[in-house]
Amino acid sequence: MRYAVIADVHGNLLALDTILADAARQRVDQYLFAGDYCISHPQPNDCLNRIRGIRNSIVIRGNDDQHLERLIGQDPANWTDGQMQATYWCHRDITPENREWLFSLPHTAAFTDAGVTVRMAHKCTHFFEGLTDDIWSSIYVAGRYAHTPLTPALLQKDVQNLLDSDPDFQTRFDALPDGVYLFAHTHVQWSYASKDGKKWLVNCGSCGVPLDGIVGSIPYAILEIMPDGRVFVELRRVPLDIEQPIGLLASSDLARHAPVWRRLIEEEMQTGLEKVSFFIHFAESYAQRIGDARRPFAVETWEAAYQAWKAEGL
């Protein structure tokens, strides 16, 4: 069986359709979706419709999907802060039927093919007891490769070398049962296999907002399990003109309701590197400097912090 592994769509329908078209050309048998379908780009409801329409699929939820679920029962009249503007807009854009479906999704999934167990979770920390930080986070990549032109081959080589030489990781990896472990969340595409090929870690990357320093293409993975139990993983990247989703975002209703968020996502798309987490940390420092203890950040503080962020060349 051949599986397309797709995650972190984040409302980017153009990217999702591009990946689905490529997966169809690769003659995949089934689609595995590893979470985070909404928030960031302006077509979350359309993305959910598209995914729901794929019958031969397994779909789990992600952490941003849980952010939306936390809004259940809240009074929208109280949604007046700046920090959560994109989440509020997304919640309003998604139909009640799609919200109900999204919130009904499991957090994990597992199945067996040709004797190989495949496990899915949105975060790799689910598989490693005691691991609190994701392996190869977008923050780590942004720091390590801030001034280094990246290629998929260079990134994968570095992943291989550094994990090979990390004794703590090796101890944790050895403790895992054989099988394939699929996850996402960091928006950084990579894979790692045991020497006997019986154990695989696969981060398919982010379809909608790649943050692995590689611009001009969007990632997903193809997992192939042979009848004799051999496993093959292909980390695929499909060309995409990033100006197209950026243009759709700029002209969208989401951009009008969440202008700072729109700018941050544009910057991430243009650079392929993490911006949101760094800005939120900056906004926290800014709010403390001006004596604003409100959280989530007020509109005025959120927008002023972004202006200060840009003024400092960040």
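**Salt bridges in a predicted model**

Hi everyone, let me start with one pair: glutamate 266 and arginine 262, whose side chains meet in a salt bridge at 2.7 Å, N to O. Please keep in mind throughout that this is a predicted model.

Where do these two residues sit relative to each other in helix 11? They are four residues apart in that helix, which runs over residues 259-271, so about one helical turn separates them. As for accessibility, glutamate 266 counts as buried at 8%, and arginine 262 also counts as buried, at 17%; the cut-off for buried is under 20% relative accessible area.

Why pair up at all? In general, side chains of opposite charge can pair when their charged atoms come close.

Now to a second pair, arginine 61 and glutamate 69. Their salt bridge has its closest N and O atoms 2.4 Å apart. Is arginine 61 buried or exposed? Arginine 61 is buried, with a relative accessible area of 6%, whereas glutamate 69 is partly exposed at 29%.

The third pair is arginine 236 with glutamate 234, where the closest N and O atoms come to 2.8 Å. Here arginine 236 is buried, at 17% relative accessible area, while glutamate 234 is partly exposed, at 32%. This pair also belongs to something wider: Asp22, Arg25, Glu234 and Arg236 are linked in a network of salt bridges. If you have the structure open, do take a look at those four residues together.

So how many salt bridges does the structure hold? The count is 15. They draw on a protein chain with 29 positive and 41 negative side chains. The centres of those two sets lie 3 Å apart.

Let me zoom out to the whole chain. Its secondary structure comes to 13 helices and ten strands. The C-alpha trace spans about 60 × 45 × 35 Å along its principal axes. For 314 residues, a compact globule would have a radius of gyration near 20 Å, and the 19 Å of this chain agrees with that.

What share of the residues is buried? Buried residues make up 55% of the 314. On the outside, the chain exposes about 13,700 Å², with carbon and sulfur atoms supplying 51% of that area.

One last number, on contacts. Taking those between residues at least 6 apart in sequence, 67% join residues at least 24 apart.

That's my tour, from the pair in helix 11 out to the whole chain. Thanks for listening, and I'm happy to chat!

Methods:
Residues numbered from 1 in each chain as written. Predicted model: local features only at pLDDT ≥ 70, side-chain atom pairs only at ≥ 80, totals over all residues. Heavy atoms only, no water. Rg over C-alpha atoms; globule rule 2.2 N^0.38 Å. Buried < 20%, exposed > 50% of the residue type's maximum accessible area, 1.4 Å probe, protein only. Contact = heavy atoms within 4.5 Å. Areas by Shrake-Rupley, 256 points an atom, 1.4 Å probe, with all protein chains shown as cover. Lys, Arg positive; Asp, Glu negative; His and termini not counted. Charge placed at Lys NZ, Arg CZ, Asp CG, Glu CD.
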